[in-house]
Amino acid sequence: MKYDVVVYPDERLKLVSSPVEKIDEELIDLINEMFRVMYESDGCGLAGVQIGVLQRLFVMEIKGKKYVMINPEILERSRDYSFQEEGCLSLPGIGAEVKRSKRVTVKYTDIDGKEKILKAAGLLAVCIQHEYDHLDGKVFIDHLPPDEKLSVLKNYRKQHNL
Ligand code: ZN
C-alpha cells in the first residue's frame, strides 16, 4: 500500500489514535513505510495519523539515531520550557516557535516489543512532544497564542490556496 502525507486541515489530524494491539509483520511494514515517507519528505518525525493510520505510534530520526515509539506515554514533563522553531510535514511551508518542556520522560514499546523508558532533552524532547501530540489529535500550531495561530494559519491558507 502506498501512503500519502495527510495535510492540514484534514479532519483526521484532529482525531485521537487508538493503541497498537500487536506488533506483527503488518506493523513492521507500516513502520518501514513511515520511515520511507518521512525521509522522502525530509522530515525528522512522523506519526501514524500523518499517513492516515490512526494508531498510537511514531517514528523519528534525531541526530542520526532512529526511534520507533509504539503506544508511548509521557510520564513526566519538566516545568522549565524552551521555545524552538517547529515545522510539520502535515503543515508544509510554515513554521513557528513553540513552547515545550525542556525535558520529558517517555515510556514506550519498541519495535521488538520491549518496554522502554527514556529521559529526553533538547531536540529529542521537542520532537517527542510534537509527535505525541499527533496521537491526541493536536498539531504544533495549537500551542500558539490565538493571534499568532491566526496569522500563521492565514499564511498557510494563502500558500496553499485554501
Ligand atoms: Zn507534525
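In this predicted model, a zinc ion is coordinated by three residues, C88 through SG, H130 through NE2 and H134 through NE2. The coordination distances run from 2.1 to 2.3 Å. Along the chain, the donors follow the spacing C-x41-H-x3-H. The two histidines share an element: H130 and H134 both belong to helix 2, residues 122-135. They are 4 residues apart, or about one turn of the helix. H130 and H134 are both buried.

Two further residues of helix 2 were examined. D133 is part of this helix. Its relative accessible area is 2%, under the 20% limit, so D133 counts as buried. Beyond its neighbours within four places in sequence, D133 is in contact with R100, K138 and H143. L123 also lies in helix 2. Its relative accessibility is 38%, so L123 counts as partly exposed. The C-alpha atom of L123 is separated by 8.7 Å from that of K102. These two residues are 21 residues apart along the chain.

The chain as a whole contains 3 helices and 7 strands. Read along the sequence, the pattern is α-β-β-β-β-β-β-β-α-α. The radius of gyration is 15 Å, close to the 15 Å that the globule rule gives for 162 residues, so the chain is as compact as a globular protein of that length. The C-alpha trace spans about 45 × 40 × 30 Å along its principal axes. Of the 162 residues, 46% are buried. Among contacts with a separation of 6 or more, 65% join residues 24 or more positions apart.

Five strands form an open sheet in the order 1-2-3-6-7, with antiparallel pairing. Strand 1 (45-47) and strand 7 stand at the edges. Each has a single partner strand, so one side of each is left without a neighbour in the sheet. From one strand to the next, the twist averages 40 degrees.

The pairings can be followed across the sheet. Strand 2 (residues 57-62) runs antiparallel to strand 3 (residues 65-77), and 6 bridges join them. Within this pair, M60 has Y67 of strand 3 as its bridge partner. The two strands form a hairpin with 2 residues between them. In the turn, K63 has a positive phi of about 50 degrees. Strand 3 also pairs with strand 6 (residues 103-109), in the antiparallel sense, over 5 bridges. Here R77 stands opposite V104 of strand 6. Strand 6 in turn is joined to strand 7 by 7 bridges, again with antiparallel direction. In this pair, T109 stands opposite E115 of strand 7.

Helices pack against these strands. Helix 1 (residues 25-40) packs on the sheet and touches strand 1, strand 2 and strand 3. Its direction makes about 45 degrees with that of strand 2. Helix 2, which holds the zinc-binding residues H130 and H134, lies across strand 1, strand 2, strand 3, strand 6 and strand 7. Helix 2 runs at about 155 degrees to strand 2.

The largest nonpolar core has 34 residues. Those with the most contacts inside it are M60, M69, L91, L118, I128 and I141. At least two residues of this core come from each of strand 2, strand 3, strand 5 (96-101), strand 6, strand 7, helix 2 and helix 3 (146-159). Helix 2 supplies the largest share, 6 residues. Helix 2 thus combines several roles in the description: H130 and H134 lie in it, and the largest share of this core comes from it.

Two of the highly connected core residues can be placed further. M60 is the residue whose bridge partner in strand 3 is Y67. I141 touches Y8, L91, I94, K149, V152 and L153, not counting residues up to four places away in sequence. L91, one of these contacts, is itself among the residues with the most contacts inside the core. A second, separate core has 17 residues. Its members include V20, M34, L57 and L89.

Note on methods: Residues are numbered from 1 along each chain as its sequence is written. This is a predicted model: local features need pLDDT of at least 70, side-chain atom pairs count only at pLDDT 80 or more; totals for chains, interfaces and linings use all residues. Side-chain values use heavy atoms; hydrogens and water are left out. Two strands pair if DSSP finds at least two bridges between them. Donors are N, O and S atoms within 2.8 Å of the metal (3.2 Å for Na, K and Ca); water is not among the atoms, so sites may look incomplete. Buried means under 20% relative accessible area, exposed over 50%, partly exposed in between (1.4 Å probe, protein chains only). A nonpolar core is a set of buried Ala, Val, Leu, Ile, Met, Phe, Trp, Tyr and Cys residues joined through side-chain atoms within 4.5 Å. Contact means heavy atoms within 4.5 Å. Axes are lines fitted to C-alpha atoms, for helices over the stretch in contact, and angles run from 0 to 180 degrees between N-to-C directions. The radius of gyration is taken over C-alpha atoms; the globule rule is 2.2 Å times the number of residues to the power 0.38.
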